[in-house]
Every structure is written in C-alpha cells, then in structure tokens.
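User: Please take a close look at a single part of this model and describe in connected prose how it is built. I should like the answer to go on from there to the metal sites.

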Amino acid sequence: MPYTDAAAAKKLLDARPNADAIVTALKNLAIETPSWGYADTGTRFGKFHQPACARTMKEKLEDAGVVHKYAGICPTVATHVLWDFPNGPDATVIDYAKKCGIEIGAINPNVFQDQCYKFGSFGNPNETSRKQAVQHCLDCVELGKTMQSKYLSLWFADGTNYPGQDSIRARKHRFTEALKKVYAAMPTSMTMLIEYKPFEPAFYHTDIADWGMAYIFAKQAGPNAKVLVDTGHHYLSQNIEQIVAWLLDEDMLGGFHFNDRRYADDDLTLGSIDPYQIFRIFNEIISFEQERGKPATIAYMVDQSHCIKPKIEAMLQTVDITHQLFAKALLVDRKALRDAQARTDVVGAEETLRGAFLTDTRPLIGYVRQQMGLAPDALAEYRTSGHEARIAKEREAQHGSPSDAAYA
Ligand code: AFD
Ligand code: MN
Ligand code: MN
C-alpha cells in the first residue's frame, strides 16, 4: 500500500536537506472546491442525474465539508451566485458552512445565463444588458463582503460567433469600462480574478481569450486584479507553465481553476490526462517561491463538474493528485537543476526535473496525512465509508429522482 509505506516516506525525506519545509508545505497546501462540482451536471446534450448529488446549497456545503473532512486540505468552497444564492445574499450560509467545517471562498458571478446576455454581458452592444451585468457583479461584491470572501472570480462567456458580428475593439473598451466600475466597488480585502478562455461558448472570438487580454484588463482595473489560469482553457499546444512563469514574475498570477482535458475545456479530473503538465506548473511556482524566499499568494481552486464519476470521489481524486504533484515539484533538487542548466547539461537538467516527477510521492502524502491525524489514503477511506450510498438514499427519499423533463 503506497500511502502507508512509511519506510519509503522516510527514505524520501532523509535524502532532502529541506525535509521539514517540504512537510510543512504539504500540510499547508489549501485547495478550494467548487459548489457546482457537487450538483448534477451533464453535457451540452443533456444532464445525467446522480442520486447522491447535492440539490440544495446546504447539501453542496455538506459535500464540500465531507471532502475537507477526508482530504484535510480543502477548507473553502467557491460559490456560484445564481446557483447558490438564488434569492440573494443569505447570511445563514456562513454559519452553515462553518457547521460543515468549511468557509465560503470565491464569489463567482453569473453573467452568461440570463436571456439578456445572448450577445454578451460586459461586451454586449446593448447598454441595458451591460448595465444589468455590471449591477449583478456589484451585487456580487456586496455578497462577497457579507460572505467575508477574499476573491471575486470573473469568467465571461462573451464573444461573437461570426466575423463582422460586432467590433472587437468596441467590445474591449466596454469591458475596460465595466471592469473598472466593479473594481471600484471592491473592498481592499478583495482580489478580482479575471479568467480567460480561448473559445466556447463563443466560436469566432472570445473577448477575454488569452492570458495577455486578462493581464491588460487586470492592469487597467487596479492593483488588486490578477489573472486566473484555468488549466483547461488553452489550445492543446500551449505551454501553460510558461504563462504561469511570466504571470508569477509580473506578480499577476491570482490563481487557478484546476481540471484536465484531452481536447478542449473538458473539465476532467486533474491529472487524469496529463499529470506531467500540472507538475511542470507547480515546478515553476515552487522555483519562484524558493528563489524569492516566501510563498506566493495563489488561489488554488478546482473547477470540475463531470457527470460520469461520483462527485465527491472525483473531487477527492483531484485533490489527491494535486497533493501528489505538488509534492513531486517540492522534491526537485533546485541546486542540481541550476548547476546542470549552467553547464548546459540538457540531459542532466531534464533528468533532475523528470526524476522528481517520476518519484512516487504517495508514501510522502500518506506520512503527512497521518501527521495531520488523517487516514493515509483519503479516497480509499471515503470509498469504504458507505457515505455515497447513504446520502443517495437520504436525498432520493427527500427530493425524489428528477424526471427527464427536469433536465430538458
Ligand atoms: C465554465 C467556464 C469557466 C468558469 C466555470 C465556472 O468554462 O471555466 O470558470 O464554468 O463558472 O467551466
Ligand atoms: Mn474555470
Ligand atoms: Mn471552463
């Protein structure tokens, strides 16, 4: 059992002069899970029900609390305003979250579902739609204050589907104006995260399509606006760790939405397709932090909502692989890497990096988790708990199973 292999964990740590720092970093890693990752979802062609899924905000908070109970490193839950607070701010959510052992994290406005957003939100040529979108975001800032949230996390579906449909530059100017208005309403305790995405649902151009556009909008808005990197929001050939390195160096990396993809924004569980890429991202972060001598302020958040896996199990998988890959990046021998680079010893440098990636860090995760008073293997512990079957029975009895019509 890799997670309980104490000898392997000891061997790994004994070989590192910074063993204590590695263990501390692994204990302090905090990953925010998304409320929408616990509710029923599907594909663009239909929703698929899971009996154990969360139907209410309380159940989403309960599920996020269960993930934190088993994972131990997921103390906050990101909220999606229209889905989680359909009737506006609800201060009881804070207390219930605390009762579930977690706190409210990022506030995600929703300016992509109402009919008035058919041609966009901040970028819409129709002023009334733009005003509604700005007002919703201003309401979200107030909600964030009530929820004592540190982050206003903005993603826009805005763009066009056909050449000539609208002026790309006019839309850029509309975004600048709207973002500045929302930014001005934020308390200094809040950070605006601006998320980019190359395409979908817009298929000719997306108004915030890449990191450069998000960077410019953030710079225009103010010092508490940063870029949010969703790992699924890149073309297949893009070097994401290079983007991360630049944003870190410019102090413009606000956070991540973790998920994996084979083709597009598939929202698969992290590391299920390309774990090496996520390791390389963490390698850039850890080398930056070690060179600077202090941790960067980065919001590590999950953004997945696949309908094929049980929701809580999928979340525990993502959190566990994040912990493992983060540990691998912590194991990189930075001095040996720098020396090999300085000698242009390409193979030596690559083997130094790749050797850390190929190291099985499950024994180390198991050791750290036991130090935290947790079972060595969170997923195995959860899967044998019977929790999924229990809440499926309770929730179906309470809410019934939605008819297909409910998902039309
Ligand atoms: C969709 C978008 C984007 C956003 C998320 C939550 O592509 O990633 O962050 O929904 O609103 O996945
Ligand atoms: Mn996202
Ligand atoms: Mn996405």
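Analyst: A residue is called buried here when its relative accessible area is under 20%. The model is predicted, and the part examined first is helix 8, residues 211-221.

The buried residues of helix 8 are A214, Y215, F217, A218 and A221. Among the elements that cover these buried residues are helix 7 (168-185), strand 8 (191-195), strand 10 and helix 9. Both ends of the helix have a feature of their own. At the start of helix 8, a side-chain oxygen of D210 comes to within 2.9 Å of the backbone nitrogen of G212. Just after helix 8, G222 adopts a positive phi of about 155°.

Two of the covering elements, strand 8 and strand 10, lead on to the metal sites. The manganese ion (ligand 2) has as protein donors E195 (OE), D230 (OD), H257 (ND1) and D303 (OD), which lie 2.2 Å from the ion. Along the chain these donors follow the spacing E-x34-D-x26-H-x45-D. E195 belongs to strand 8, whereas D303 sits in the loop between strand 12 (299-302) and helix 11 (311-330); the pair is 108 residues apart and links distant parts of the chain. E195 has a relative accessibility of 3% and therefore counts as buried. D303, at 11% relative accessibility, is also classed as buried.

The geometry at this ion can be assigned as well. Six donor atoms surround the manganese ion (ligand 2), and because the angles they subtend run from 72 to 168°, the arrangement is octahedral. For reference, ideal angles for six octahedral donors are 90 or 180 degrees.

The manganese ion (ligand 3) lies 3.9 Å from the manganese ion (ligand 2). Protein donors to ligand 3 are H233 (NE2) and D265 (OD), at 2.2 to 2.3 Å from the ion. This pair, too, links distant parts of the chain, its members being 32 residues apart: H233 is in the loop between strand 10 (225-230) and helix 9 (240-249), and D265 is in the loop between strand 11 (253-258) and helix 10 (275-292). H233 counts as buried because its relative accessibility is 3%. D265 has a relative accessibility of 19%, so this residue counts as buried.

Taken together, strand 10 and helix 9 help to cover the buried residues of helix 8, and the loop between strand 10 and helix 9 holds H233, a donor to the manganese ion (ligand 3).

Definitions and conventions. Residues are numbered from 1 along each chain as its sequence is written. Chains are lettered from A and ligands numbered from 1 in the order in which they are written. This is a predicted model: local features need pLDDT of at least 70, side-chain atom pairs count only at pLDDT 80 or more; totals for chains, interfaces and linings use all residues. Side-chain values use heavy atoms; hydrogens and water are left out. Donors are N, O and S atoms within 2.8 Å of the metal (3.2 Å for Na, K and Ca); water is not among the atoms, so sites may look incomplete. Helices (H or I, at least four residues) and strands (E, at least two) are DSSP runs, numbered from the N terminus. Buried means under 20% relative accessible area, exposed over 50%, partly exposed in between (1.4 Å probe, protein chains only). Contact means heavy atoms within 4.5 Å. A polar contact is a pair of N or O atoms within 3.5 Å; within protein, one must be able to donate a hydrogen and the other to accept it, and residues adjacent in sequence count only if both atoms are side-chain atoms. Four donors count as tetrahedral if all angles lie between 85 and 135 degrees; four count as square planar and six as octahedral if opposite donors are over 155 degrees apart and all others between 65 and 115; anything else is irregular.
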